[in-house]
Structure formats: C-alpha cells, structure tokens
Amino acid sequence: MADDAPGPVTEPGVVFLVAVPGLEAPLADEATRTGFLGVRQVPGGVEVMGGLAEAVRANRVLRCAVRVLWRVAEFRAMHLAQLDKRARKVGWGEWLRADVPVRVEASCHRSKIYHDKAAVQRIAGAITAAGIPVAADGAVVVKARIEDDLCTVSLDTSGEPLHRRGHKTFVGKAPLRETMAAGFLWQMGFDGTQAVVDPMCGSGTIVLEAAEMAMGLVPGRSREFAFAQMVGGGSEGPCPSRSPAYLGKDEGARFFGFDRDDGAIRGARGNAGRAGVDALCRFERQAVSDLMPPEGLAPGIVLTNPPYGARIGERKLLFAVYGALGATLRARFAGWAVGIITSDRGLAQATGLRLEAVGPVDHSGTKVWLWRGTV
Ligand SMILES: C[S@@+](CC[C@H](N)C(=O)[O-])C[C@H]1O[C@@H](n2cnc3c(N)ncnc32)[C@H](O)[C@@H]1O
C-alpha cells in the first residue's frame, strides 16, 4: 500500500478475534470448525479473513472469543501531523453512522508516536471532520493501534464482552467466564455427547455452557452487539437461535451441577431456565464428599473450578476440600475424565490424582491452569 493512501488493510479484510490470554488455540480450533477462512493464531487472538458479515457471524456463533475487531484501515504514521492528515483520508462514513456517536481508543508501541491521548485526539478530529460525532460514552468503539509506526484501525463490533451471553443474571462468588468455560470444556475433549458434572458449580457456568453446546444453541442469540449500530450492521437479520448442524439428541439430563451453597443452586437453576437448557440440567445442593456419578450414564467429564487464592489460614481449609474431591473421584468415578481449574499447584496435587497442567490462562488477572487427567 502506498505510504499516504489509507484504506482497507487487505482484500478481503481481516477480522481479529480477541482470545482469553492462554486460550488462543481452542479459539483457533473453534473458528476453523465453524467455517471461518484464513484462520491464523497470533498472540492475543486469532485472525480470520472477512469483513462485516464475518464479524457479525463471529460475534453470534463463537463461544471462546472475548470480542471481535474488524480491521478497516492501515497506514504509516511517523508523527502526529502525519497521523492527522492520513486519518482524514480514511473512509469513516463507509462504516460509521452520522447518528451514532463513537468513542476512540489508541495505544502506541515501539513507535515515534508514543502519546496515546494525542493519537486519540488526532483520530477523533478526523472522524468528527467526516461528520461522525465522537463522545466519551460512544456506542461504537474505534481502536487505533500504532505499532512500529504502523497505525491499524479496527472497529469493535461486539460492544459488551462476549462472555455476557445475556442469560446468567445470577453470578455467584468468583464466577468463571462463559468464554473460559467453553475453552476448558474443549480442552477436556467435550464434543456435546458426554455427561458433564461440576461438583462446585457456583452459578453453573460450566454446566450451562456444556448444555448449550449439546443443544446446538447459538451463544449470541439473546443479546445486542455494537455492529447493529454500524453502517449495514442492521441488515444482517435476526440471530438464529440454533446451529443448522444441530442433530437433536437432547433428551434427558446429562449436565449436573452441585454446590454446598443453597443460594448458588437456586441461582444456577434460574440461569438454566433463562438459557433454555433446564431440561438437560440438574442442580442440587450437595457437599463434594457426597458426590456420586449420575446413574445410567457412561463415564463423562468432571470439570470444576474450586475455590482458590485464599489467604494462608484459609488455604489450610482448602486442602481438605481438594483432598475430599480427589478421594470422592478416586472412589466413585473410575473412567471419568477430570479437569480442575485452579491457580494453586499445591491444591491441585492435594487431590492425589495424576493430573497434567494445561495453561496458564489469565482469569481476571490471576494465572490459572487446567489440571487434567483420567480417574
Ligand atoms: C470459584 S466458585 C465456582 C464458580 C463457578 N464456576 C461459577 O462460574 O460460578 C467455587 C464454589 O465452590 C463451592 N464449594 C466450596 N466448598 C465446597 C464443598 N465442600 N462442596 C461443594 N461446594 C463447595 C462454593 O460454594 C463456590 O460456589
């Protein structure tokens, strides 16, 4: 591309799928499975080929993506005056509407332009000059990343992060994000057919995510996205609620959540009802030491994130909880795959199970691993 000719990054463009740090690989696999083209795993996420239509589909169908950025322009900028001049040549009106205010974010890395706020100001000026309002609380976010003097402009087509599917209005203590639950389920080999048990389910994230996958439900079926506020974004039609590949094998409960906290169980049941998966799920109040394998089902997957990260005194009590979990699984769950999500190697080892560590994965600033094995 000529130095002074901002325009589309490439033809056809690039859609960047932001991953949970550490779950780039399952996201790349998911993008391939769901038919995206040009899938390329890179640090922080996955690139796929496409434009607005692919961004819309990615937002709606991908379970493991955190957000979807559509790259719309790329140009060199060695200093602020050049950034200003070249940003004014970008065809903002092709994607942004004159009636929807936008917010601008910028980050500078290894570049002559190093002042994020000054970069925001120049790009915001160019967008305003194109007749599009800019506001701090704009509904659509324009992200400029200046790296090695190359400015890449992307539109955030998601809005709210994608783990907010719109069903889990009850969130217990230290909930897992849906995007992480999906990635861990796949790393456990879940393909929609096995039984899944979470003995410390909290708000039920793992169980709900598994049941939704089994029913072929589309994760974005109940929420709004920022793309609807972009030029052409409203013309994509309503989100289908089920994948056309769904085979209809969803009779009988095979997704189970237990927790010793009654409030968590009531909340998880409510979440399951809102997600439309209650026919496949059972949530019961029960301590981990009373856990039994579900009757009449082949060995499946136990996946859980027990409490961790507690203060020293509390950690002693947690050793007992992890020990009880391990003892219960060893006594009653022969043949089941086990996954324990925790930041604490010592606690994982306290289960007495032979587990390999997969990770780390960033869980809201804490590094956690999936400790994986078979009983
Ligand atoms: C980190 S939270 C799980 C969060 C859950 N994955 C979610 O997304 O909401 C850990 C859960 O373990 C439960 N728990 C702790 N000790 C337990 C025990 N001995 N038996 C059963 N549940 C227990 C807590 O009540 C809490 O809900």
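Q: Where does the ligand sit?
A: In the largest pocket. A pocket here is an open set of 1 Å grid points, over the protein atoms alone, with protein on both sides within 12 Å along at least five of seven lines; sitting in it takes more than half of the ligand's atoms within 2 Å of those points.

Q: Anything I should know about the model?
A: It's predicted, so to speak up front: local features need pLDDT of at least 70, side-chain atom pairs need 80 or more, and totals for chains, interfaces and linings use all residues. Numbering starts from 1 along each chain, and side-chain values use heavy atoms, without hydrogens or water.

Q: How many residues surround the ligand?
A: 18, counting a heavy atom within 4 Å. The closest are L176, S203, T205, D259 and N305.

Q: And which polar contacts does it make with D259 and V288?
A: A ligand oxygen is 2.6 Å from a side-chain N or O of D259, and a ligand nitrogen is 3.0 Å from a backbone N or O of V288. The cut-off is N or O pairs within 3.5 Å.

Q: How much of the ligand gets buried?
A: The protein buries 92% of the 600 Å² it exposes alone, by Shrake-Rupley with a 1.4 Å probe.

Q: New topic: how far apart are the domain centres?
A: The C-alpha centres of domain 1 and domain 2 are 35 Å apart.

Technical notes
A polar contact is a pair of N or O atoms within 3.5 Å; within protein, one must be able to donate a hydrogen and the other to accept it, and residues adjacent in sequence count only if both atoms are side-chain atoms. On a 1 Å grid over the protein atoms alone, a cavity is a set of points where a 1.4 Å probe fits but cannot get out, and a pocket is an open set with protein on both sides within 12 Å along at least five of seven lines; lining residues have an atom within 4 Å of a point. Domain bounds come from an automatic or database domain assignment.
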